[in-house]
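Open the model in your viewer and keep the sequence panel beside it. Each stop below tells you what to select and what you will find there.

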Number of protein chains: 2
Amino acid sequence: MPRRKAGTLLPIELSILNAAIELRVRGARLFHGFMIAKEIKEREDAKLLTSHGTLYKALDRMRKLGLLESEWEDPLLAAQEGRPRRRFYYITAAGEAALVQGYMAQAVPATQQRGLAAQ
Amino acid sequence: MPRRKAGTLLPIELSILNAAIELRVRGARLFHGFMIAKEIKEREDAKLLTSHGTLYKALDRMRKLGLLESEWEDPLLAAQEGRPRRRFYYITAAGEAALVQGYMAQAVPATQQRGLAAQ
DNA sequence: TGACAATGGGCAGATATCTTCCTATTCTTT
DNA sequence: AAAGAATAGGAAGATATCTGCCCATTGTCA
């Protein structure tokens, strides 16, 4: 894929944001890669997530774009629970805006977006 | 495999002890599973280590038998280095004795072992 | 319009440990 | 000698994150 057209979200990125929102609705303030992977697979968007590398790359991309922010889990907690550390993410305001914009960009041509740009 | 004949070491267990000794000679006081796996593979005992599960089961078995003891790496250190925690093992006195005995059992029939039982 | 360059996807593997399930073997007991 | 019990091995996968490589695509610039 080429240089990204400004303001555009890729399918997998939309998927991540949607899954994150879904998880938030269910009470999870933060999410981590593995969690999102499961969520996406369950929602049958499986085609978008064949490899884990793809997901983590997307997360990092979005973090660099300012759509997400991340914080590492307390290593002691992870150790206590006997599993690898998690890296938690949350959607920034910019991320939420982009989600709406992203949908618009997918659904209708830009010329019809006037008045729909909520938030 | 059946109930273990008392005092016998399985091939993979001998391999682990040997690799551990080798690593110690090279300056590593402690070893961990992954390290041993690499060492064994390099020493071309590869047939003994097809699956990782096998190795970790063997380590746990040996720990329960008192041949090894283990301590977990400081989670903060692992976090700092950005990798999963390691579980370190070291050979106990019983483990070293068993190694010698194990060799004898493999190499010569029990009736010839008299006088060779060093340590 | 054509070529370049950047980017993203997929595959594979590194790092590290552990569990579950099935199968095969053999040790021991009757 | 036959049968039963326990154990070890192998395959696979769960848990979690990240990197490198190659290839395809396409936006952009000349």
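Two strands count as paired if DSSP finds at least two bridges between them. Keep that cut-off in hand for the first stop. One caution before you start: this is a predicted model.

**Stop 1: the sheet of chain B**

Select strand 2 and strand 3 (residues 87-91) of chain B. They are joined by 5 bridges and run antiparallel. Zoom in on single pairs. Leu68(B) faces Ile91(B) in strand 3 of chain B. Glu69(B) has Tyr90(B) opposite it in strand 3 of chain B.

Now add strand 1 of chain B. It is joined to strand 3 of chain B by 2 bridges, again antiparallel. Here His32(B) stands opposite Phe88(B) of strand 3 of chain B. Turn on hydrogen bonds if your viewer draws them: strands of a sheet pair through backbone hydrogen bonds, either parallel or antiparallel.

Step back to see the whole sheet. It is open, has 3 strands, and its order is 1-3-2 in chain B. Which strands are at the edges? Strand 1 (31-32) and strand 2 (68-72) of chain B are, each pairing on one side only.

Next, show helix 3 (residues 52-65) of chain B. This helix packs on the sheet and touches strand 2 and strand 3 of chain B. Its direction makes about 110° with that of strand 2 of chain B.

**Stop 2: Arg29(B)**

Select Arg29(B). You are in the loop between helix 1 (11-25) and strand 1 of chain B. Is this residue buried or exposed? Arg29(B) has 8 C-beta neighbours inside 10 Å, so it counts as exposed; the cut-off for exposed is 12 or fewer.

Show what it touches. Leaving out residues up to four places away in sequence, Arg29(B) is in contact with Arg24(B) and Tyr90(B). You met Tyr90(B) at the previous stop, opposite Glu69(B). Now draw a distance from Arg29(B) to Asp74(B). They lie 45 residues apart in sequence, and their C-alpha atoms are 16 Å apart in space.

**Stop 3: the whole of chain A**

Switch to chain A and colour by secondary structure. You should find 5 helices and 3 strands. Follow the chain from its start: the pattern reads α-β-α-α-β-α-β-α. Of its 119 residues, 22% count as buried. Among contacts in chain A with a separation of 6 or more, 47% join residues 24 or more positions apart.

Now colour by pLDDT. The mean for chain A is 82, and 77% of its residues reach 70 or more. Select residues 106-119 of chain A. There pLDDT stays under 50. The model has 7 contacts for this stretch beyond four places in sequence.

**Stop 4: the sheet of chain A**

Select the 3 strands of chain A. They form an open sheet in the order 1-3-2, with antiparallel pairing. Strand 1 (31-32) and strand 2 (68-72) of chain A stand at the edges with a single partner strand each, so one side of each has no neighbour in the sheet.

Strand 2 and strand 3 (residues 87-91) of chain A pair over 5 bridges, in the antiparallel sense. Pick out Glu71(A): its bridge partner in strand 3 of chain A is Phe88(A). Then show helix 3 (residues 52-65) of chain A. It packs on the sheet, touching strand 2 and strand 3 of chain A, and its direction makes about 115° with that of strand 2 of chain A.

**Stop 5: Arg4(A)**

Select Arg4(A), in the segment before helix 1 (11-25) of chain A. Arg4(A) is exposed, with 12 other C-beta atoms within 10 Å. Draw a distance to Glu71(A). The two are 67 residues apart in sequence and 26 Å apart in space, C-alpha to C-alpha.

**Stop 6: the two chains together**

Show both chains. Chain A superposes on chain B by a rotation of 180° with 0.0 Å of shift along its axis, at an RMSD of 0.0 Å. The copies are thus related as by a two-fold rotation axis.

Finish at the interface. How many residues of chain A are in contact with chain B? There are 6, and they meet 6 residues of chain B. The chain A side divides into 5 nonpolar, no polar and 1 charged. Of the interface residues of chain A, 100% are also interface residues in chain B, so the copies meet through the same surface.

How values were computed. Residues numbered from 1 in each chain as written. Chains lettered and ligands numbered in written order. Predicted model: local features only at pLDDT ≥ 70, side-chain atom pairs only at ≥ 80, totals over all residues. Least-squares fit on C-alpha atoms with pLDDT ≥ 70 in both. Contact = placed C-beta atoms within 7 Å. Nonpolar A, V, L, I, M, F, W, Y, C, P; charged D, E, K, R; others polar. Helix = DSSP H or I, 4+ residues; strand = E, 2+ residues; numbered from the N terminus. Axes fitted to C-alpha atoms, helices over the stretch in contact; angles between N-to-C directions. Buried ≥ 20, exposed ≤ 12 C-beta atoms within 10 Å, placed from the backbone. pLDDT = per-residue confidence, 0-100.
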